[in-house]
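Open your viewer, switch to a cartoon view and keep the selection box handy. We will go stop by stop, choosing something to select and then looking at what is there.

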Amino acid sequence: MGMFGLLKRTPPLATLFLLCILLPTSISFLVGEFRLTPYRVLLLISFLPTAFIVFSGKRGGRIRSDWLMLLFAVWGPLALLIHHGFDVAYKTGGIFVVEALGPYLLARVIIRRPEHVRSLAALLTVTVLILLAFTIPESITGKHFLREFFAALQGSAFYSEINTRYGFHRAFGPFDHPILYGVFCASVFGLSWCALTRSDSISPFRFTRSSAVVLAAMTSLSSGAMAALMTQFVITGWERVTRSVRKRWILLGSGIAGGYLVIDLLSNRTGLHVLLSYLTFSSATAYGRMNIWRYGKAEVLRNPLFGIGLNEWER
């Protein structure tokens, strides 16, 4: 079945969820002290029904990841309670539970069979291709069509203070930041390449649609998106050429670890610093992320169980 045929099999709730994600967070309203976006409203409505279905075992039984996700969702508010008291744990921690566990429960309920995965891959790929029609001219002209359109609907204006890179503007698409748009598009590449084609043949359509997804991610000019794409290139290529090799994933992991060790030993900088200098668009970005890693890691080691809540971290 072709990509557009698969779209007809996409669960309606999955389509609605994706549409809610694509709406800018500026489209929101207050209910008491809580700011609700369409995305949050959908999760709030679906949270209890999907939680009942999953934890009652009606979707293939209860599996380990169900309990791990539940533990993760509870641990966040518990940490906030310890650091800031009940009020913050209730407000900030409550929405954390909904946003951390809600999408997982929704996926567990509506994505149940291989054809559901393939139909979702088709939906995401088509979505990225549609966004590409807006973000190519956005990257060239600096006119943020989608964000400006939604801002105009709300009687406001939108403009970006983010600098250009290599003469191109960083595309937002409908998202709050180019990084979010870039990572969203980059995450679709593997699905577009692998899930939509059952055979190994590299057809023109397969190559074209996946290349378009890569181009969409590149219009964000985000190093995070580029790193995600390169990781998928390596994994996809390795999977294709090593199918007859035993323990090939152990070999890949060992090769990566060995390569990092060699870089670390031969360079006057740490291996992570060398990698960041090549994976980021500027030395300033690499330096900043290196410091974030260094100080953030130290903070985690000082507070391994409950973190520091919303307090400032040392840097």
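**Stop 1: a bent helix**

Keep in mind throughout that this is a predicted model. Begin by selecting α3 and looking down to F47, where the helix bends by about 45°. A proline, P49, follows within four residues of that bend. Now place a distance between the two end C-alpha atoms of α3, residues 38-55: they are 25 Å apart, in agreement with the 26 Å that 18 residues should span at 1.5 Å a residue.

Show side chains next. Which residues of α3 are buried? They are L42, L43, S46, F47, T50, A51, V54 and F55, so the bend residue F47 is on the list. To see what covers them, add α2 (12-22), α4 (64-84) and α5 (86-110), which are included in the cover. Before leaving, click on G57, which follows α3 and has a positive phi, near 80°.

**Stop 2: a glycine in α5**

Stay with one of those covering helices and select G93, found in helix α5. Is G93 buried or exposed? Its relative accessibility is 0%, so G93 counts as buried. Leaving aside residues up to four places away in sequence, G93 touches P77, L80 and V88. You can also draw a line from G93 to A73: the pair is 20 residues apart in sequence, and the C-alpha atoms are 8.7 Å apart in space.

**Stop 3: a phenylalanine after α13**

Jump to F306, in the segment after α13 (283-302). F306 is partly exposed, with a relative accessible area of 26%. Display its surroundings and you will find contacts with W75, L78, A79, I82 and H83, not counting residues up to four places away in sequence. For a longer view across the model, connect F306 to F134: these two are 172 residues apart in sequence and 43 Å apart in space, C-alpha to C-alpha.

**Stop 4: along α6**

Now select α6 (114-141). This helix bends by about 35° at L132. Its end C-alpha atoms lie 41 Å apart, which agrees with the 40 Å that its 28 residues should span at 1.5 Å a residue. As you leave α6, you meet G142, with a positive phi near 80°.

**Stop 5: two nonpolar cores**

In soluble globular proteins, nonpolar side chains tend to be buried together. To see this here, select V128, Y181, F184, C185 and L229, the residues with the most contacts inside the largest nonpolar core, which has 25 residues. At least two residues of this core come from each of α2, α6, α8 (178-195), α9 (204-218) and α10 (223-241). The largest share is that of α8, with seven residues. Zoom in on L229: beyond its sequence neighbors up to four places away, L229 touches A186, F189, V214 and A217.

Another core, of 18 residues, lies apart from this one, and F17, L43, F47 and V54 are among its members. You have already met L43, F47 and V54 among the buried residues of α3.

**Stop 6: an arginine in α9**

Select R206, placed in helix α9. With 4% relative accessibility, R206 counts as buried. Show what surrounds R206: not counting residues up to four places away in sequence, R206 touches W193, C194, T197, S199, D200, S201 and R240.

**Stop 7: the cysteines**

C194 makes a handy link to the next question: how many disulfides are there? The count comes to zero. Label the sulfur of C194 and you will see why: the closest cysteine sulfur, in C185, is 17 Å away, too far for a bond. C194 is partly exposed, with a relative accessible area of 46%. Do the same with C20: its closest cysteine sulfur is also in C185, 18 Å away and too far for a bond. C20 is buried, at a relative accessible area of 11%.

**Last stop: zoom out**

Finally, show the whole protein chain, which has 13 helices and two strands. The radius of gyration is 22 Å, close to the 20 Å that the globule rule gives for 315 residues, so the chain is as compact as a globular protein of that length. Its C-alpha atoms fill a box of roughly 55 × 50 × 50 Å along the principal axes. Color by accessibility, and 37% of the 315 residues count as buried. Among contacts between residues at least 6 apart in sequence, 64% join residues at least 24 apart.

Note on methods. Residues numbered from 1 in each chain as written. Predicted model: local features only at pLDDT ≥ 70, side-chain atom pairs only at ≥ 80, totals over all residues. Heavy atoms only, no water. Disulfide = S-S within 2.5 Å. Buried < 20%, exposed > 50% of the residue type's maximum accessible area, 1.4 Å probe, protein only. Expected span 1.5 Å × (residues − 1). Bend = angle between axes of the 7 residues up to and from the residue. Contact = heavy atoms within 4.5 Å. Core = buried A, V, L, I, M, F, W, Y, C linked by side-chain atoms within 4.5 Å. Rg over C-alpha atoms; globule rule 2.2 N^0.38 Å.
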